[in-house]
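Me: I'm new to this one and would like a close look at a single part of it. Could you pick a spot on the surface and walk me through it, with some background on the chain as a whole?

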Amino acid sequence: VTDFDAGQTKYQDHDLGPGDCFGEDALMKNDIRHANFRGKSKGLALSIDKAMFHEVMGDLSDLIHRSQDKKKLAAIRLIQNTYLTGASLATLASRIEDRSYPPNTIIVKEREKTE
């Protein structure tokens, strides 16, 4: 994966391997793609269009989304330094809400209490 944008953060050069997928977030959220993908070596990529994805996946979209949230949480250093079990991580992931913000929006203000 090259040139992956998540808000103002930019990631580069992530390797995907057998069984990994990409582009599902855009399908599930009816959003644009947020990354460029380039094969570094000979490989095979399978594709599915949006209509077929929704026909086949149906209610599993939420499950995939939660799995992605779990992976995101597991990548956070603070979470890595805890002793959360898989079940606890899944519970925490189930509480994540996706929020979109327009550019230049203040998301967290200094000296405000958290919810």
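**A nonpolar patch and its setting**

Reply: Let's begin with the whole surface: the chain exposes about 10300 Å², and carbon and sulfur atoms supply 53% of that area. Keep in mind that this is a predicted model.

Now for the spot itself. Leu16, Phe22 and Phe37 make a nonpolar surface patch of about 270 Å². Take Leu16 from that trio: you'll find Leu16 in the loop between strand E2 (9-11) and helix H1 (24-29). Is Leu16 buried or exposed? Neither, as it turns out: its relative accessible area is 42%, so Leu16 counts as partly exposed. The reason is that partly exposed covers the range between the cut-offs, with buried being under 20% and exposed over 50%.

How does that loop fit into the chain? Reading from the N terminus, the elements run β-β-α-α-α-α-α, which gives two strands and five helices.

For a contrast with Leu16, hop over to Asp69, which sits in helix H3 (residues 60-74). Asp69 has a relative accessibility of 1%, so Asp69 counts as buried. Leaving aside residues up to four places away in sequence, Asp69 touches Ala93 and Ile96.

Back to the whole chain to finish: 15% of its 115 residues count as buried. Among contacts with a separation of 6 or more, 47% come from residues 24 or more positions apart.

Conventions: Residues are numbered from 1 along each chain as its sequence is written. This is a predicted model: local features need pLDDT of at least 70, side-chain atom pairs count only at pLDDT 80 or more; totals for chains, interfaces and linings use all residues. Side-chain values use heavy atoms; hydrogens and water are left out. Helices (H or I, at least four residues) and strands (E, at least two) are DSSP runs, numbered from the N terminus. Buried means under 20% relative accessible area, exposed over 50%, partly exposed in between (1.4 Å probe, protein chains only). Contact means heavy atoms within 4.5 Å. Accessible areas come from the Shrake-Rupley method with a 1.4 Å probe; for residues, only the protein chains shown count as cover. Patches are made of residues with over 30% relative accessible area and no salt bridge: like charges are joined within 9 Å, nonpolar side chains (Val, Leu, Ile, Met, Phe, Trp, Tyr) within 5 Å. A salt bridge is a side-chain nitrogen of Lys or Arg within 4 Å of a carboxyl oxygen of Asp or Glu.
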